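Good morning. I have one structure to go through today, and I will keep to what can be read from it. Please look at the picture first.

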Amino acid sequence: MPYSASAETRPHPRPRLRLRPRWWAELVLIVAVYAAYSAGRLLARGDVSTAVDHGLAILRIEKALRLNAEHPLNRLFTSTPALGIPADFAYASLHYLVTPAILVWIFRSRPARYRAARTWLMLSTLLGLIGFTLLPTCPPRLLEAGHGFVDTMAQYSSYGWWGAQASAPRGLGGMTNQYAAMPSLHVGWAVWCGVLLWRHARTPFVRWVGVAYPVVITIVVMGTANHYFLDAVAGVVVMGAGALLTRPAMRLADRLWAALPFAAAGPPALSLPSIPSRETPIVSGGCDTSAGDRFPGQRTRTSAPSSPSVPAASTADDAAATAR
């Protein structure tokens with residue numbers, strides 16, 4: 001069957017869309033949101049007696065539901081420095097290291113997923129701030145000793161940079177709100193990291209690390225007496241709520257951005273790169289290729305093939321007549 005191809009009919013590669021936002025704009029946004037979150041934690045300090053009442057109420061609910069895993073874990077971490085010291089380091093540092101690392105990884109390797117991941121993290125963090133404001137809660141380590149908890153951060157403070165005031169460096173305990181325990185964003189952020197690793201990691205090992213990470217952090221926050229089990233559950237709930245609100249929040253942000261005066265015209269239209277309009281020679285050079293030919297024959301489209309039914313002598317007579 002005859003076939004000829006020309007360069008004009010070949011598909012041209014489409015330009016790649018810019019899916020990754022500008023890194024400096026993202027850095028400014030994240031720093032601004034985290035600064036607002038940290039300031040909000042300080043302003044959300046409630047009455048100490050109210051926070052203690054909330055902590056004891058949570059403890060009573062857990063005992064009634066037989067969910068009180070904090071006591072055995074805290075005794076284990078207190079009596080075993082090989083567990084307690086690494087747990088203190090994990091509590092004091094991992095949420096500051098792993099969470100930004102996952103965000104940068106998504107920014108670089110999954111740019112199409114970055115905006116949703118960043119929005120999910122920020123919304124959940126702000127929801128956690130609302131929880132700190134409405135429900136200030138005393139962590140187990142700050143309850144009276146008669147309730148059976150030991151502050152492992154204070155016990156092993158000589159091994160790290162922290163003192164007796166949670167994970168803050170020594171002398172800077174006044175810069176943090178120690179009664180911002182409900183929900184546990186240590187657990188919430190770990191869930192965020194784990195979900196992204198499970199969804200987007202390329203190797204099974206890294207995906208299972210994503211499963212193990214929030215489980216380990218949950219054990220750490222209870223064993224170090226920084227959170228109740230229900231604090232951890234609330235952290236998971238907050239992340240779930242943030243995930244549900246991510247898409248509506250992104251759509252709302254797009255509408256607000258489009259309503260701004262300088263963005264009324266919308267983003268510039270995407271234009272394909274111009275392609276020079278020049279005649280490209282036909283690849284087949286005017287020759288036809290039949291299905292039974294191994295190589296293209298020198299038969300042009302303007303010359304009809306001789307019919308096998310016409311004798312050779314008749315063809316020669318016609319040629320002689322034409323010459324005369």
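I will start with the overall fold, then go to the core, the salt bridges and the surface.

Before anything else, please keep in mind that this is a predicted model.

The overall fold, then. The protein has ten helices and zero strands. Read from the N terminus, the order of elements is therefore quick to recite: α-α-α-α-α-α-α-α-α-α. The chain has 324 residues, and 35% of them count as buried.

Now the inside. Which residues touch the most other members of the largest nonpolar core? They are Ile-102 and Trp-192, in a core of 36 residues. Several helices each supply at least two residues to this core: α3 (70-79), α4 (81-109), α5 (111-134), α7 (185-200), α8 (204-223) and α9. The largest share comes from α7, with nine residues.

Next, the salt bridges. How many does the structure hold? There are two.

In one of them, the side chains of Arg-115 and Asp-254 meet, at 2.8 Å from N to O. Arg-115 belongs to helix α5 and Asp-254 to helix α9, so this pair ties together parts that are 139 residues apart in sequence. How open are the two partners? Arg-115 has 29% relative accessibility and counts as partly exposed. Asp-254, at 39%, also counts as partly exposed. For both, the reasoning is that partly exposed covers the values between 20% and 50%.

The other bridge joins Arg-141 and Asp-151, with their closest N and O atoms 3.4 Å apart. Both residues sit in the loop between α5 and α6 (152-155), ten residues apart. Is Arg-141 buried or exposed? At 7% relative accessibility, Arg-141 counts as buried. Asp-151 is buried as well, with a relative accessible area of 13%. The cut-off for buried is under 20%.

Staying with buried residues, we come to helix α6, where Met-153 lies. Met-153 has a relative accessible area of 0%, so it is buried. Its C-alpha atom is separated by 6.0 Å from that of Asp-88, although the two residues are 65 residues apart along the chain.

That leaves the surface. I have two patches to point out.

One is a patch of positive charge, where Arg-113, Arg-199, Arg-247, Arg-251 and Arg-255 gather. Which helix gives the largest share of this patch? The answer is helix α9 (residues 229-259), with three residues. Arg-255 is found in α9, and at 60% relative accessibility Arg-255 counts as exposed. The cut-off for exposed is over 50%. Helix α9 has now come up in several places: it supplies residues to the core, it holds Asp-254 of a salt bridge, and it gives the largest share of the positive patch.

The other patch is nonpolar. Trp-23, Trp-24, Leu-27 and Val-31 form it on the surface, and together they have about 490 Å² of accessible area. Trp-23 is found in helix α1 (residues 23-43). Is Trp-23 buried or exposed? At 58% relative accessibility, Trp-23 counts as exposed.

To recap: ten helices and zero strands, a largest nonpolar core of 36 residues, two salt bridges, a positive patch on the surface and a nonpolar one. That is the end of my part.

Terms used. Residues are numbered from 1 along each chain as its sequence is written. This is a predicted model: local features need pLDDT of at least 70, side-chain atom pairs count only at pLDDT 80 or more; totals for chains, interfaces and linings use all residues. Side-chain values use heavy atoms; hydrogens and water are left out. Patches are made of residues with over 30% relative accessible area and no salt bridge: like charges are joined within 9 Å, nonpolar side chains (Val, Leu, Ile, Met, Phe, Trp, Tyr) within 5 Å. Accessible areas come from the Shrake-Rupley method with a 1.4 Å probe; for residues, only the protein chains shown count as cover. A salt bridge is a side-chain nitrogen of Lys or Arg within 4 Å of a carboxyl oxygen of Asp or Glu. Lys and Arg count as positive and Asp and Glu as negative; His and the chain ends are not counted. The place of a charge is taken as NZ of Lys, CZ of Arg, CG of Asp or CD of Glu. Helices (H or I, at least four residues) and strands (E, at least two) are DSSP runs, numbered from the N terminus. Buried means under 20% relative accessible area, exposed over 50%, partly exposed in between (1.4 Å probe, protein chains only). A nonpolar core is a set of buried Ala, Val, Leu, Ile, Met, Phe, Trp, Tyr and Cys residues joined through side-chain atoms within 4.5 Å.
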